Amino acid sequence: MRFATFNVLHGRTLEDGRPVSVPPAQAGRPLADAVTGLGADVLALQEVDRFQERSGDVDQARVAAEAAGAPEWRYASAVHGQAVPGKGWVLDPSQPALRVHGPHDDPARDDVPSHGIALLSRLPVREWRAIRFAPAPLAMPLRVPGRPGLTVARDQPRAALAAVIGAEHGELTVVAVHLSFVPGWNIRQLLAVRDRIADLPRPHVLLGDFNLIGPIPRLVLNTAELVAPVAGRARRASGPDGWRDLARVRTYPSHRPLVQFDHVLVSGTSRCAPVASGAPRVPVSDHRPVVVDLHW
């Protein structure tokens, strides 16, 4: 099985490390081409737009699912509103805190602009679960693609999507996440995801942009298993049943990767072994995708 995670920067392409707008006539094409090239059986996407003017007013999750040949998919909206150049987000207060869309929804009945994450699968999905997290209460200086220096940015609500997938050798749970960029708040969200999927079939595969570098996610999860295990489950050390990194690759910034923000972790079985992994360069986004071929 091939797993991949990709922060797509709402499908924008890069030139010399700077994002550029996609012409309306090509809306969705760069993202579709990038997703097709990954060849993933299960794909987690972050920074996905739905009916945003900046990305051609398309449903990017649907575009990506069709390109990937993934009939099972869900999109979870973390933010409802329009991204306006020079103003940031103009939020729509009439919309609910979390909305999940899938292949059977009629886009014409709900064309509210939003932004969130998606999880796509070529394999059958037995159960879906969506989680939403409140934004951190404080802003942080960040490097923003296309802007010099640091930009003070406020955090956004975040979402996670879990899918119980029926694979050849049994069920497994795959979770797509995009965690906060605020230190400490992202760790809190990571541990909350662990707790919310504890009752779902193992093994658990966690994919996404964690905004945590290198080995930190694995160390946090394994320490939590030892210090505060989920109720009803025995403590696990960081051995074959603990959390393991399946790819140790630099993913950000895409034109010259220095750190790994994007991860694929697995827990719950010693049978999961990565056959190959990598972070290929693609023309879309300021992140590189992480691709893992997993023998299970």
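The legends below accompany close-up views of a predicted model.

**View 1. The open sheet of six strands and its two edges.**
In this view, an open sheet of 6 strands is laid out in the order β9-β12-β13-β14-β16-β15, and the pairing within the sheet is mixed. At the edges stand β9 (125–133) and β15 (244–245), each of which has a single partner strand, so one side of each is left without a neighbour in the sheet. As background for reading such a picture, strands of a sheet pair through backbone hydrogen bonds, either parallel or antiparallel. The edge strand β15 pairs with β16 (residues 262–267) in the antiparallel sense, and 2 bridges join them. Within that pairing, D245 has L265 of β16 as its bridge partner.

**View 2. Two helices that lie on the sheet.**
Helix α3 (residues 185–196) lies across four strands, namely β9, β12 (158–167), β13 (170–178) and β14 (204–209), and the helix runs at about 145 degrees to β9. Helix α4 (residues 216–227) also packs on the sheet, where it touches β14, β15 and β16, and its direction makes an angle of about 30 degrees with that of β16.

**View 3. The largest nonpolar core, with F3 among its best-connected members.**
In soluble globular proteins, nonpolar side chains tend to be buried together. The largest nonpolar core of this model holds 29 residues, of which F3, L119, L172, V174, V205 and L207 touch the most other members. At least two residues of this core are supplied by each of the strands β4 (42–50), β5 (72–84), β8 (114–121), β12, β13, β14, β16 and β18 (290–295). The largest share comes from β12, which gives 5 residues to the core. Which residues does F3 touch, not counting those up to four places away in sequence? They are V42, L172, V174, V205, L207, V290, V291, V292 and L294. A second core, separate from the one just described, has 23 residues and includes L31, L38, A68 and Y75.

**View 4. Strand β18 and the strands that pair with it.**
Strand β1 (2–7) pairs with β18 in the antiparallel sense, and this pairing extends over 4 bridges. In β18, the residue that stands opposite F3 is V292. Strand β17 (residues 273–278) also pairs with β18 in the antiparallel sense, here over 5 bridges. One position in this second pairing can be located through A276, whose bridge partner in β18 is D293.

**View 5. The packing of helices α1 and α2.**
Two packed helices are described by the angle between their axes and the distance between the axes. Here, α1 and α2 pack at an angle of about 40 degrees, and their axes are 8 Å apart. That angle makes α1 oblique to α2, and α1 passes α2 in a right-handed crossing. On the α1 side the contact is made by L31, A32, V35 and T36, while on the α2 side it is made by Q60, V63, A64, A67 and A68.

**View 6. The buried residues of the same two helices, and the glycines that follow them.**
In helix α1 (residues 29–38), the buried residues are P30, L31, A32, A34, V35 and L38. They pack against β1, β2 (13–15), β4, α2 (60–68) and β18. In α2, the buried residues include Q60, A61 and R62, together with A64, A65 and A68, and what covers them includes α1, β4, β5 and β8. After α1 comes G39, which has a positive phi near 60 degrees, and after α2 comes G69, which has a positive phi near 65 degrees.

**View 7. Strand β8 between its surroundings.**
How many of the 8 residues of β8 are buried? The count is 8 of the 8, so β8 is largely enclosed by the rest of the structure. Strands β4 and β8 run antiparallel and are joined by 7 bridges, and in β8 it is S121 that stands opposite V42. Strands β5 and β8 also run antiparallel, with 8 bridges joining them, and A118 of β8 is the bridge partner of Y75.

**View 8. The loop residue N211 and its contacts.**
N211 has its place in the loop between β14 and α4. Leaving aside neighbours within four places in sequence, N211 is in contact with R158, H178, L179, S180, F181, N186 and F261. N211 and H287 are 76 residues apart in sequence, and their C-alpha atoms are 11 Å apart in space.

Definitions and conventions
Residues numbered from 1 in each chain as written. Predicted model: local features only at pLDDT ≥ 70, side-chain atom pairs only at ≥ 80, totals over all residues. Heavy atoms only, no water. Pairing = 2+ DSSP bridges. Contact = heavy atoms within 4.5 Å. Axes fitted to C-alpha atoms, helices over the stretch in contact; angles between N-to-C directions. Core = buried A, V, L, I, M, F, W, Y, C linked by side-chain atoms within 4.5 Å. Buried < 20%, exposed > 50% of the residue type's maximum accessible area, 1.4 Å probe, protein only. Parallel < 35°, antiparallel > 145°, perpendicular 65-115°, else oblique. Left-handed = near helix turned anticlockwise from the far one by under 90°.
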